Amino acid sequence: MVEPTSLLLGLEGLEVRAVTQTAERTRVLDVVTADPAASRCPECRVASTSVKGHAVTRPRDIPYGDDPIQLRWNKTRYYCMNPACGRRSFTESIPQVPPRRRTTTRLRTQIGRSIGDAARSVVEVAAGAGVSWPTAHTAFVEHAKKVLKDPAPVRVLGIDETRRGKPRWTRDTDGRRWVRVDPWDTGFVDLSGDQGLLGQVEGRTSKAVTRWLTTQTTQFRDEITHVVIDPSAAYAAAVTEELLPKAQLVVDYFHLVKLANDMVTAVRWRVTFDTHGRRGRKHDPEWANRRRLLSARERLSDRSFAKMTALIEIPHPCGSARVGGPPVMLVVSDHSPATSGGPLSC
Ligand SMILES: [Zn+2]
């Protein structure tokens, strides 16, 4: 029969031997191992009786009541008795506190659920559980890995970038060099189905895209018929025939329209300067029609469209005047770039 205090603690594999309280009202629970499997070598799983020594660890557990609880686990160290095993010694471990862990499994599960399912912030959950930000984040990643499944095949894959915060600098793995953390992420979305966001990786380079694509199954990659990107050379370079044999590259409508509109505005500014030697004023027809010039044709009434084309009149530097015509007439320079500000040619 389980002793009442151990039952109250409810941490499988551990038995409470004593409870004391410190001056700061922390309840210290002295626990010992109550799991025969804890004396099995983690590598060869052979049970050992050859004691090497003892060690005390303080795994952090879920809070209970207002005052903190501290576990003090007196562990046994064993020599591995299997001559064929490469491991010489090991310390007891149980599923609730696996090797090299300083938090209990149930605490990590609770943290992972609070962040992943209840959408609470990592900072808030870490502070509540009394653990560091990296520990809480690792628990969330473990939880997410269990919940997330591999994406189902996708026909149209969307790739786009998202910025999060400012660039940060961090030490590399051996702590010698400072490494810049890219503030840009690349997201992969299912544009033809209903799976939404399929994955998100750090960086917006070809390598970041290639790395994510290669972690997917060959079947997943073979099913993709179209890849939709913004006009990014890095993304375009990642969509290769070897990686995505059936995929056709498509530039998304929004970015194309945005680029075209930016160009119309740049040309409007340039033409105004070339014509008047100053920036646009409200009585200038191209300024008065600046919003109409950026509207989709189907969003303009015939009247509005006619008004725009009738009002736009560009006195040409050579003395002639162009009247009316479709809005594209503003793109009169056929070789100088929009930003060159060079004179218009006849
Ligand atoms: Zn062993």
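Me: A crossing of two helices counts as right-handed if the near helix is turned clockwise from the far one by less than a right angle. In this predicted model, which hand does the crossing of helix 3 and helix 4 have?

Reply: The crossing of helix 3 and helix 4 is right-handed. The residues that make this contact are Val122, Val123 and Ala126 on helix 3, with Trp133, Ala136 and His137 on helix 4. By class, that is 5 nonpolar residues, 1 polar and no charged.

Me: Why are helix 3 and helix 4 called roughly perpendicular?

Reply: Their axes cross at roughly 110° and come within 9 Å. Roughly perpendicular covers 65 to 115 degrees, so helix 3 and helix 4 earn the label.

Me: What makes helix 2 and helix 3 roughly antiparallel?

Reply: Helix 2 (residues 105–116) packs against helix 3 (residues 122–129) at an angle of about 150°, their axes lying 9 Å apart. The cut-off for roughly antiparallel is over 145 degrees, and therefore this pair qualifies. The crossing of helix 2 and helix 3 is right-handed too. Helix 2 brings Leu107, Ile111, Ser114 and Ile115 to the contact, while helix 3 brings Val122, Val125 and Ala129.

Me: How do you know which class the residues in the contact of helix 2 with helix 3 belong to?

Reply: The count is 6 nonpolar, 1 polar and no charged residues. Ala, Val, Leu and Ile are among the nonpolar types, whereas Ser is not listed there or as charged, so Ser114 is the polar one.

Me: And helix 2 with helix 4: what angle do they make, and why does it get its label?

Reply: Helix 2 and helix 4 pack at about 80°, with axes 8 Å apart. That sits in the 65 to 115 range, so they are roughly perpendicular. Here Arg108, Ile111, Gly112, Arg113, Ile115 and Gly116 of helix 2 meet Ala136, Ala139, Phe140, Glu142 and His143 of helix 4. The contact has 5 nonpolar, 3 polar and 3 charged residues.

Me: What makes those residues of helix 2 and helix 4 charged?

Reply: Arg and Glu are on the charged list, so Arg108, Arg113 and Glu142 fall in that class.

Me: Now the largest pocket: what is its volume, and what lines it?

Reply: The largest pocket has a volume of about 750 Å³. It is lined by 21 residues, and those closest to its centre are Ala144, Leu148, Leu198, Gly199 and Gln200. Helix 4 (133–147), strand 10 (197–202) and helix 5 (206–215) each give at least two residues to the lining. By class, the lining has 9 nonpolar, 6 polar and 6 charged residues.

Me: Why is it called a pocket rather than a cavity?

Reply: A pocket is an open set of points, whereas from a cavity a 1.4 Å probe cannot get out.

Technical notes
Residues are numbered from 1 along each chain as its sequence is written. This is a predicted model: local features need pLDDT of at least 70, side-chain atom pairs count only at pLDDT 80 or more; totals for chains, interfaces and linings use all residues. Side-chain values use heavy atoms; hydrogens and water are left out. Axes are lines fitted to C-alpha atoms, for helices over the stretch in contact, and angles run from 0 to 180 degrees between N-to-C directions. Helices (H or I, at least four residues) and strands (E, at least two) are DSSP runs, numbered from the N terminus. Angles under 35 degrees count as roughly parallel, over 145 as roughly antiparallel, 65 to 115 as roughly perpendicular and the rest as oblique. Contact means heavy atoms within 4.5 Å. On a 1 Å grid over the protein atoms alone, a cavity is a set of points where a 1.4 Å probe fits but cannot get out, and a pocket is an open set with protein on both sides within 12 Å along at least five of seven lines; lining residues have an atom within 4 Å of a point. Grid points are joined across faces, edges and corners, and a volume is the space filled by probe spheres set on the points.
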